[in-house]
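Today I looked up the salt bridges and how far their partners are open to solvent. My notes follow the structure.

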Amino acid sequence: MNNDKTTIYLVRHGECVGNREGRIRGQVDFDLNDNGRLQARAVAEALKDKNIEFIYSSPLRRATDTAQMICDVTGLTYATDEGFNNFNVGIWENRIKKELAVEEPERWRTWLENPEAITFERGESANDVRRRALASLNKVVERHRGHTVAIVAHRGVLKPLVAGAICIDSPFFWRIHFDTASYSILTHDSVHGFCLMLLNYTDHLKGLPILQEFD
């Protein structure tokens with residue numbers, strides 16, 4: 001009987017000012033805004049009784065501050081992992097989306113329709129993110145086989161990560177959605193590999209604004 005099932009909670013950080021201003025965030029280090037802190041506390045409370053034993057985070061503050069709130073209710077500490085850092089979009093980082101749509105209409109259209117086709121100058125591609133995030137996830141699973149783990153990250157890395165874990169081919173980026181402070185669940189065992197058990201759960205955010213982004 002297989003008993004090596006690992007459970008991975010994938011948590012998107014709470015809202016930050018970059019979300020609210022309609023910016024391409026990338027690896028710019030935004031803080032959580034007031035609503036984001038409320039969202040982060042809500043997801044932390046939702047996860048406190050899930051038997052999480054280990055927590056990993058992107059190194060960016062909006063993720064580490066969310067991870068710390070989970071630590072506060074579980075009594076754990078988190079470790080950062082560069083593999084879970086956000087999508088590095090190079091020269092687009094911190095740009096306003098509406099301005100990019102006007103200034104670079106063809107490239108913006110490609111971003112909306114087939115972002116996997118773009119490799120960003122001084123940045124990376126969605127498939128680069130997929131490879132490095134999946135490599136980090138596999139290391140986490142190997143390190144904590146049979147345990148329950150939380151990973152706090154960004155939509156720009158969670159999308160490629162899940163696509164890689166469950167083998168969704170390109171174009172994959174816009175086929176998966178993660179709201180701020182949502183959680184999703186992957187499991188892994190040696191017989192079946194990865195299985196997506198839950199996607200973008202947000203019931204704990206009732207009464208809090210959720211800015212849904214599809215660009």
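I began with Asp128, which is partly exposed at a relative accessible area of 27%; for these labels I took buried as under 20% relative accessible area, exposed as over 50% and partly exposed as in between, with a 1.4 Å probe and protein chains only. This is a predicted model, in which local features need pLDDT of at least 70 and side-chain atom pairs count only at pLDDT 80 or more, while totals for chains, interfaces and linings use all residues. Residues are numbered from 1 along each chain as its sequence is written, and side-chain values use heavy atoms, with hydrogens and water left out.

I found Asp128 joined to Arg131 by a salt bridge of 2.7 Å, N to O, where the term means a side-chain nitrogen of Lys or Arg within 4 Å of a carboxyl oxygen of Asp or Glu. Arg131 is exposed, at 54% relative accessible area. Both residues sit in helix 6 (residues 126-143), three residues apart, or about one turn of the helix; helices are DSSP runs of H or I with at least four residues, strands are E runs of at least two, and both are numbered from the N terminus.

I then noted that Arg12, Arg25, Lys97, Glu213 and Asp215 are joined into one network by salt bridges that share partners. Within it, Lys97 pairs with Asp215 at 2.9 Å between the closest N and O atoms, and this pair links distant parts of the chain, 118 residues apart, with Lys97 in helix 4 (residues 97-103) and Asp215 in the segment after strand 6 (193-201). Lys97 counts as buried at 6%, whereas Asp215 is partly exposed at 26%.

I closed with the count, which comes to 17 salt bridges by this rule.
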